[in-house]
Amino acid sequence: MNGRCIVCGEKLYAEPSYTCHNMPQRVQNLPTARDLPADSGVDLGLFQCSGCGLLQLDCAPLEYYRDSMRAGERSAGLTKLRQRQYKHFIETYNLQGKKIIEIGAGKGGFLRTLKDMEEYGIAEYGLENNEEYVRIAREQEQVNVIKGFCDHEEYEIEGGPFDAFTCFSYPARLTDPNTMLRAVSNNLKSGGLGYISCISQEHILKSDGLYEITRDLYAYYSVSTIRFLAQRNGFEVLEAFEDDPYVDAIVRKRSPLDLKTIWGNIDSMNQEVYDFADQEIRDGRKIAVWCAGHYAFTVISVAGIGDKISYIVDNAPFKQGHYAPASHVPIVAPTYFKEHPVDTFLILGMLYAEEIVNEIKEKCSREVKIALMNENGVFWAEE
């Protein structure tokens, strides 16, 4: 390969974390007697990314890497595990009666387990690259699997958009898991959920972990790297945890922040500040602001009260003698008040409000009125 991480693209460390000697070339599509002369052990280098830390192979993938090859999909152990995972996923995130697609659905065994959990009423879907596996899934397991592979971000999956997806070990098979996850995200509804499970890096960091390495699994994720994989590709991570021998993550498709709604009251806040300052001036009262910080600068400017503020007091000598950006209100030392008194101090921002109130009383006057502003509006400080 190219010595770059399959997830973040940063360089792999130059030296492998370990070179696995005389490893099987593959663990699926096993050799027949005719193939034996050409079959031999290979050396596999396990490299760690210098950026995100992902542990991965650095060799060409096997020709069947897109196929979700796995044995024992309906074994008692795996059935019990999937039932536990589905139960947590569905009940915790209210997915009853929803459309869930498995990416890399194999022969449909895991989907069959999901379908058999009839109490949840899930509409099951699956996407699988191997045409023969698709046939087995549809005919033998009687689940809704279609042939396909997410080889580009705009890939459209038949039956979408979906409420959620599952992905069991499949990201670990891929040399480009980013594209797969971005394609999946594009086939989810807004706020769609996902359950990702891969063989755990922690599991292979055991004394016999070497024997778990296979060329069929290209990467070995930890809690931190599976988080990074999801976040890099448009998902929030709701849960990420070790479930030996796996590492699991439950994710949600990230939605754009709606700041127009979050800050929907900004105009009314600006108006309230303006009305307060304007009324003080109408009543013949002079106003100053205490603290030449970014919050004060911004409020003065966007609320349009710069011409109503006499000056801004700040203790920092390097600010004194300068002016507030945009509004051009002069910045002065506390001693300026003695010769140029004001009737009202307006404290913009509550982070140091109590400290500032005490400073005003000590350095300026106990008679001056003090008003404060926070997200709830402008109000007078208690005497």
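## Sheets and their edges

Two strands count as paired here if DSSP finds at least two bridges between them. With that in hand, take β1 and strand β2 (residues 42-48), which pair in the antiparallel sense over four bridges. Within this pairing, Thr19 stands opposite Gly45 in β2. Keep in mind while you look around that this is a predicted model.

β1 and β2 belong to an open sheet of four strands, ordered β1-β2-β3-β9, and the pairing is antiparallel. At the edges stand β1 (18-23) and β9 (219-220); each has a single partner strand, so one side of each is left without a neighbour in the sheet. As general background, strands of a sheet pair through backbone hydrogen bonds, either parallel or antiparallel.

## A six-strand sheet with mixed pairing

Further along the chain there's an open sheet of six strands, running in the order β14-β13-β12-β15-β16-β17, and here the pairing is mixed. Its edge strands are β14 (331-332) and β17 (377-380), each of which pairs on one side only.

Zoom in on strand β15 (residues 344-348) and strand β16 (residues 369-374): five bridges hold this pair, in the parallel sense. Thr344 has Lys369 in β16 as its bridge partner. Lys369 also turns up in a contact with an aromatic ring, since its charged end sits over the ring of Trp380, 4.3 Å from the centre.

## The buried strand β7

How many residues of strand β7 (residues 162-168) are buried? The count is seven of the seven, so β7 is largely enclosed by the rest of the structure. The cut-off for "buried" is under 20% relative accessible area.

β7 pairs with strand β4 (residues 99-103) and with strand β8 (residues 188-199). Three bridges join β4 to β7, and the two run parallel; Glu102 has Thr166 in β7 as its bridge partner. Six bridges join β7 to β8, again running parallel, and Ala164 stands opposite Leu193 in β8.

## Helix α5 and the loop at Leu30

Helix α5 (residues 177-186) is another well-covered element: eight of its ten residues are buried, so it is largely enclosed by the rest of the structure. The buried ones are Pro177, Asn178, Thr179, Met180, Leu181, Ala183, Val184 and Ser185.

For contrast, go to Leu30, in the loop between β1 and β2. Is this leucine buried or exposed? Leu30 counts as exposed, because its relative accessibility is 59% and the cut-off for exposed is over 50%. If you want a feel for the span of the model, Leu30 and Cys364 are 334 residues apart in sequence and 87 Å apart in space, C-alpha to C-alpha.

## Aromatic rings

Eleven aromatic pairs show up in the structure. One aromatic cluster is made of Tyr86, Phe89, Tyr93, Phe110, Phe168 and Tyr195. Phe168 has a charged visitor too: Arg82 lies over the face of this ring, at 3.9 Å from the ring centre.

## Pockets

The largest pocket holds about 480 Å³ of space. Of the 20 residues that line this pocket, Met69, Arg70, Ser169, Leu217 and Tyr246 are the closest to its centre. Sorted by class, its lining has eleven nonpolar, four polar and five charged residues.

The second largest pocket has about 280 Å³ of space. It's lined by 14 residues, with Ile266, Met269, Tyr295, Val299 and Met373 nearest its centre. Two elements, α9 (266-282) and α10 (294-302), give two or more residues each to the lining of this pocket. Which element gives the most to that lining? That's α10, with five residues. By class, the lining of the second largest pocket comes out as nine nonpolar, four polar and one charged.

## Closed cavities

Three cavities of 30 Å³ or more are counted. The second largest cavity has a volume of about 50 Å³. Its lining is made up of Pro61, Leu62, Tyr64, Tyr65, Arg173, Arg215, Asp216, Leu217 and Tyr218. By class, that's six nonpolar, no polar and three charged residues. You've met Leu217 already, as one of the residues closest to the centre of the largest pocket.

Key: Residues numbered from 1 in each chain as written. Predicted model: local features only at pLDDT ≥ 70, side-chain atom pairs only at ≥ 80, totals over all residues. Heavy atoms only, no water. 1 Å grid on protein atoms, 1.4 Å probe; cavity = no way out; pocket = protein on both sides within 12 Å on 5 of 7 lines; lining within 4 Å. Points joined across faces, edges and corners; volume = space filled by probe spheres on them. Nonpolar A, V, L, I, M, F, W, Y, C, P; charged D, E, K, R; others polar. Phe/Tyr/Trp six-rings, centres within 6.5 Å; stacked < 30°, edge-to-face > 60°. Lys NZ or Arg CZ within 6 Å of the ring centre and 35° of its normal. Buried < 20%, exposed > 50% of the residue type's maximum accessible area, 1.4 Å probe, protein only.
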